[in-house]
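Subject: Handing over a structure

Hello,

I am passing a structure on to you with this email, and my notes on what was found in it follow below. Please keep it open beside you as you read.

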Amino acid sequence: MIKAILIFNNHGKPRLSKFYEHYTEDTEQQIIRETFHLVSKRDENVCNFLEGGMLIGGSDYKLIYRHYATLYFVFCVDSSESELGILDLIQVFVETLDKCFENVCELDLIFHVDKVHNILAEMVMGGMVLETNMNEIITQVDAQNKMEKSETRQPETIS
Amino acid sequence: MPAPIRLRELIRTIRTARTQAEEREMIQKECAAIRSSFREEDNTYRCRNVAKLLYMHMLGYPAHFGQLECLKLIASQKFTDKRIGYLGAMLLLDERQDVHLLMTNCIKNDLNHSTQYVQGLALCTLGCMGSSEMCRDLAGEVEKLLKTSNSYLRKKAALCAVHVIRKVPELMEMFLPATKNLLSEKNHGVLHTSVVLLTEMCERSPDMLAHFRKLVPQLVRILKNLIMSGYSPEHDVSGISDPFLQVRILRLLRILGKSDDDSSEAMNDILAQVATNTETSKNVGNAILYETVLTIMDIKSESGLRVLAINILGRFLLNNDKNIRYVALTSLLKTVQTDHNAVQRHRSTIVDCLKDLDVSIKRRAMELSFALVNGNNIRGMMKELLYFLDSCDPEFKADCASGVFLAAEKYGTDSLTSLHVTAVLSCVLAGSYVRDDSVPNLIQLITNSVEMHAYTVQRLYKALLDDISQQPLVQVASWCIGEYGDLLVSGQCEEEEPIQDEVLDVLEGLLVSNLSTPVTRGYALTAIMKLSTRFSSVNRIKKVVSIYGSSIDVELQQRAVEYNALFKKYDHMRANPNPNIAVITIHASNSTEAEMTDFVFQAAVPKTFQLQLLSPSSNVVPALNQGTVTQVIRVLNPQKQQLRMRIKLTYTHKGSPVQDLAEVNNFPPQSWQ
């Protein structure tokens, strides 16, 4: 099971935080800080798997992360997930974001965090992998965005 | 009132903040504006206000006052509202708040909505955070959707069902009929989540597991199609057809094949096929291979297949990609017990990984190395592991020291004594990284390696001069000084040796230091006492001992008083102690959480011996190693036979009486010769 998906930048500023188990707001922030602390210490040429965070799940808990330019994508998982499989999943996620935002960069994530949530919701549900086919995900997301657009002939847009 | 600003505006504004305080101020201002807007109950802007609230929540600011607003959004007719409302519910709400139950009705309606995307939102939310009550109420709807032909909804319903089962395990039965034709789906998304659902059911219930074993042939077929199907643009990832689905199926096969011969046999071929045919130049191929290896190792596969699997892992160990090396080490660790010999073949590669720069890999390699140590390779392995202990990061030292010590104990032989003791000393000198309970074991070890006594006591004494804060080190050192102090000052050591008074200074220093625990003080006092038979400054020792006769620490006081008595009553023995009498002091300590009361120690010896038990220091052994009971036994052994003893401990622990019998045969030779 995926316990949490976090995206933050090189300074630890959160760009997306999704938790699939309940924690209090304080704990959530603590987890983000601790994860950033652990991940930012890592060299560029070490493996992408980390154990050691204590806040989520204790010992049955790994961090699987990828570093792209200014952003860290971190999936916090338990032992039921395949480490290499999750690495691939992160890749699919990033490629999907890239397609949806056309050469995605940190600013896109900053200003459209709700859209990122929507994309993620088509990939992971309840901590489990829902869909891994990039085209399928994009099709669903586009259709829903179209629905939103068609509703909004009024002064209501979210962002 | 002016229209509330858009999310984009808010983000832009916050980014201009130069300090945390400035940011906080902006947030508070906006929160106030949002609150007033909420009070106006304006539907038009609720959406954008909640979006802003979620953004602020992500940054770490409280947003709970928006919870009810999320519910209002969910109840709205507009998709845009529902989308943000459900997202807000997932981020801000959880089952601990009563508010969340109000969602149940909305979700129920939305599960039956005419638009699939609204149904999707409802399934998603229910599957993420539905409480047990909600799951109970809505399980029927989920089950219905599990049977729909709409693949978009079907895949979401499958995962939602997993959540329902996790929350309310009794409901698992009701999803059974719907699983009947899940695997005949063409849509990979549905297949994928169906396999997840089946996996969850099999893991939770042995009956389900038995029931679903009949699916093995179908799963094998699906996997085969994926491998053999050639290029399929729809599912292709780096040249492999839907690797995620392959991995999922392999995992389910693992669960179905475990402990079942027939199922294992049915999957042997496909596993061999995947293992040999998968393209390994990209990570996705390796992910499949890795999963295959894990499955092969877990089911009842034939030995040829197992060797194939371990060799694949061996190849992984040589891969340039660190991630691959990491998972290889992890898997080898899992299989080292069952396939020990096969893993031994890769020992040298594993030991090389100790020198890797990557912390995660080092840790894995260390754990695996310890698992591979045996009587044949102890010498070489110990060398590598000691080198590692010396040079590794502090975070490893505790576990490494522990491992080295255990290995030395298990496999060290007489001919390896010096290696053994060096290993042990390294552990002790690694300081507080050695666990407290290994102190007696260490002492036993040192006792047994007679020719190393001089070297050992000298090294430990030197270590004490540098640092007296690490209690296990200090305790072992004190004991050794007490026991072999004569060797320390006698000129047997190569380096400059201390004089008697210096040694006594060090020991007395331990007694008064704030860093010493009561247990350590006990060791120090006893050591000083023992030196009274080895050193000539008996008067000084007598003085120290008598001072502690009025110590506040009861343990120390007890010991001091007894030692004083020895000075007074048995001084005549000092001159020519009866060589036939062995004086044994037992120390009983209790590491459990409750104290042991009415503690009685009894001993019996063979007929040729005579036993005298002096009275114990107390009948209560305090909990958590907070003190010991000491008792002196004198054994007369005129025939100089090997000392053997049967001992019986009786005490009361947590209200119940306990009795423990044991035989002690390993008294060191010098105690009775």
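Leaving aside residues up to four places away in sequence, Phe93(A) touches Ile7(A), Phe73(A), Phe75(A), Val116(A), Ile119(A), Leu120(A) and Met123(A). Please bear in mind, here and in what follows, that this is a predicted model. Phe93(A) belongs to the largest nonpolar core, which has 192 residues, and together with Ile2(A) it touches the most other members of that core. A second core, separate from this one, has 43 residues, and among them are Leu442(B), Val457(B), Ala463(B) and Ala527(B). As general background, nonpolar side chains tend to be buried together in soluble globular proteins.

Not every buried residue is nonpolar, and Arg15(A), which lies in strand E2 (residues 14-19) of chain A, deserves a careful look. Why is Arg15(A) called buried? Its relative accessible area is 9%, and Arg15(A) counts as buried because the cut-off is under 20%. The side chain of Arg15(A) is joined to that of Glu106(A) by a polar contact of 2.9 Å. Glu106(A) is also one of the residues that Arg15(A) touches, and these include Leu109(A), Ile110(A) and Val113(A) as well as two residues of the other chain, Arg15(B) and Met58(B).

That brings us to the place where the two chains meet. Chain A and chain B bury about 6,100 Å² between them, with 55% of it on carbon and sulfur atoms, and the contact takes 66 residues from chain A and 71 residues from chain B. Between the two chains there are 17 residue pairs in polar contact, and 6 salt bridges are found across the interface. In a salt bridge between the chains, the side chain of Lys13(A) meets that of Glu23(B) at 3.2 Å, N to O. Several elements of chain A give two or more residues to the side that touches chain B, including E2, helix H1 (25-40) and helix H5 (134-151), and H5(A) provides the largest share, with 9 residues.

Finally, please turn to strand E3 (residues 581-589) of chain B, where the side chains alternate: Ala582(B), Ile584(B), Ile586(B) and Ala588(B) point to one face and are buried, whereas Ile581(B), Val583(B), Thr585(B), His587(B) and Ser589(B) point to the other face and are not. E3(B) runs antiparallel to strand E6 (residues 628-636) of chain B, and 9 bridges join the two. Within this pairing, Val583(B) has Arg634(B) in E6(B) as its bridge partner.

Best wishes

Key: Residues are numbered from 1 along each chain as its sequence is written. Chains are lettered from A and ligands numbered from 1 in the order in which they are written. This is a predicted model: local features need pLDDT of at least 70, side-chain atom pairs count only at pLDDT 80 or more; totals for chains, interfaces and linings use all residues. Side-chain values use heavy atoms; hydrogens and water are left out. A nonpolar core is a set of buried Ala, Val, Leu, Ile, Met, Phe, Trp, Tyr and Cys residues joined through side-chain atoms within 4.5 Å. Buried means under 20% relative accessible area, exposed over 50%, partly exposed in between (1.4 Å probe, protein chains only). Contact means heavy atoms within 4.5 Å. Helices (H or I, at least four residues) and strands (E, at least two) are DSSP runs, numbered from the N terminus. Two strands pair if DSSP finds at least two bridges between them. A polar contact is a pair of N or O atoms within 3.5 Å; within protein, one must be able to donate a hydrogen and the other to accept it, and residues adjacent in sequence count only if both atoms are side-chain atoms. Buried area is the accessible area (1.4 Å probe) that two parts lose on being put together, summed over both. A salt bridge is a side-chain nitrogen of Lys or Arg within 4 Å of a carboxyl oxygen of Asp or Glu.
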